[in-house]
Amino acid sequence: MSRLDSFIRRLEAQRSCLGTAAERTGKLPGIVLELGLGNGRTFDHLREICPGREIYVFDRQVAAHPDCIPAPDRLFIGDFTATLPQALARLGAGAAAFIHVDLGSGDAEASQALAARLAPDIAALMAPGAVVVSDQPITAPALHPLPLPDGVKPGRYFMAEKLG
Ligand code: SAM
């Protein structure tokens with residue numbers, strides 16, 4: 001498969017998983033968290049598919065398209081390893097109904113290691129029944145993997161639910 005096809009399939013998988021998670025958590029009260037603002041593509045999409053939800057966004061810097069920059073009070077700027085504990089203290093355990101984690105860099109091993117380090121705080125931020133959609137596996141005792149939407153190849157994207 002060409003790199004172009006692989007990139008397109010990744011984005012299709014991402015959109016499909018985000019849509020499925022938004023539907024699944026639609027009736028669950030809580031906020032949405034986006035780890036990895038990047039150029040703001042998925043933040044913009046979350047705004048569209050989660051109308052009325054408060055969305056908090058994390059990144060080490062703001063380098064997004066000007067139309068896709070969250071309000072300052074919805075931004076956690078800094079390394080995830082520092083800002084997730086801050087979010088836990090400020091927003092509270094179980095505050096999130098839906099979390100999207102899109103932290104991948106070109107270094108697959110480092111990205112997986114970062115996701116593993118963040119997993120306990122991610123799980124703690126999730127309400128029972130909340131869903132995490134991610135570009136890396138997020139594993140924690142309170143999380144169980146969810147089946148992927150039709151057409152999404154296992155390993156291309158990940159979904160897990162917090163046990164009630
Ligand atoms: N979701 C974005 C979009 O659709 O435009 C793309 C996100 S990009 C793949 C990953 C982002 O994660 C980058 O903006 C990078 O700065 C951020 N990132 C990676 N590791 C980080 C870390 N340890 N702390 C904070 N931000 C980090």
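**Warm-up.** Which helix does Ile-8 lie in?

*Solution.* Ile-8 sits in helix H1, residues 3-24; helices (H or I, at least four residues) and strands (E, at least two) are DSSP runs, numbered from the N terminus. A word on the setup: this is a predicted model, where local features need pLDDT of at least 70 and side-chain atom pairs count only at pLDDT 80 or more, while totals for chains, interfaces and linings use all residues. Residues are numbered from 1 along each chain as its sequence is written, and side-chain values use heavy atoms, with hydrogens and water left out.

**Exercise 1.** Work out the strand order of the sheet and find its edges.

*Solution.*
- Start with the order: 7 strands make an open, mixed sheet, E3-E2-E1-E4-E5-E7-E6. Two strands pair if DSSP finds at least two bridges between them.
- Now the edges: E3 (75-77) and E6 each have a single partner strand, so one side of each has no neighbour in the sheet.
- As for twist, neighbouring strands are turned by 20° against each other on average, direction ignored. Axes here are lines fitted to C-alpha atoms, for helices over the stretch in contact, and angles run from 0 to 180 degrees between N-to-C directions.
- At the E3 end, E2 (residues 55-59) pairs with E3 in the parallel sense over 3 bridges, and Val-57 stands opposite Leu-75.
- Then add the helices: H3 (residues 80-91) lies across E1 (31-35), E2 and E3, at about 155° to E2. H4 (residues 108-125) packs on the sheet too, touching E1, E4 (96-101), E5, E6 and E7, and its direction makes about 135° with that of E5.

**Exercise 2.** Decide whether strand E7 is enclosed, and say what flanks it.

*Solution.*
- Check burial: 4 of the 5 residues of E7 (residues 158-162) are buried, so the strand is largely enclosed by the rest of the structure. Buried means under 20% relative accessible area, exposed over 50%, partly exposed in between (1.4 Å probe, protein chains only).
- On one flank, E5 (residues 126-134) pairs with E7 in the antiparallel sense over 4 bridges, with Val-132 opposite Ala-160.
- E6 (residues 143-145) also pairs with E7 in the antiparallel sense, over 3 bridges; here His-144 faces Glu-161.

**Exercise 3.** Trace the salt bridges that involve helix H1.

*Solution.*
- The whole structure holds 5 salt bridges, each a side-chain nitrogen of Lys or Arg within 4 Å of a carboxyl oxygen of Asp or Glu.
- Take Arg-10 and Asp-102: their side chains meet at 2.8 Å, N to O. The pair joins H1 to the loop between E4 and H4, 92 residues apart.
- Arg-10 also meets Asp-135, at 4.0 Å, N to O. That pair spans 125 residues, with Asp-135 in the loop between E5 and E6.
- Put together, Arg-10, Asp-102 and Asp-135 form a salt-bridge network. Arg-10 is partly exposed at 25% relative accessibility, whereas Asp-135 is buried at 10%.
- Last, Arg-24 and Glu-161 meet at 3.3 Å, N to O, tying H1 to E7 across 137 residues. Arg-24 is partly exposed at 46%, while Glu-161 is buried at 16%.

**Exercise 4.** Describe the surroundings of Gln-136.

*Solution.*
- Gln-136 lies in the loop between E5 and E6 and, at 9% relative accessibility, counts as buried.
- Leaving aside neighbours within four places in sequence, its contacts (heavy atoms within 4.5 Å) include Leu-103, Ala-108, Gln-112 and Phe-158.
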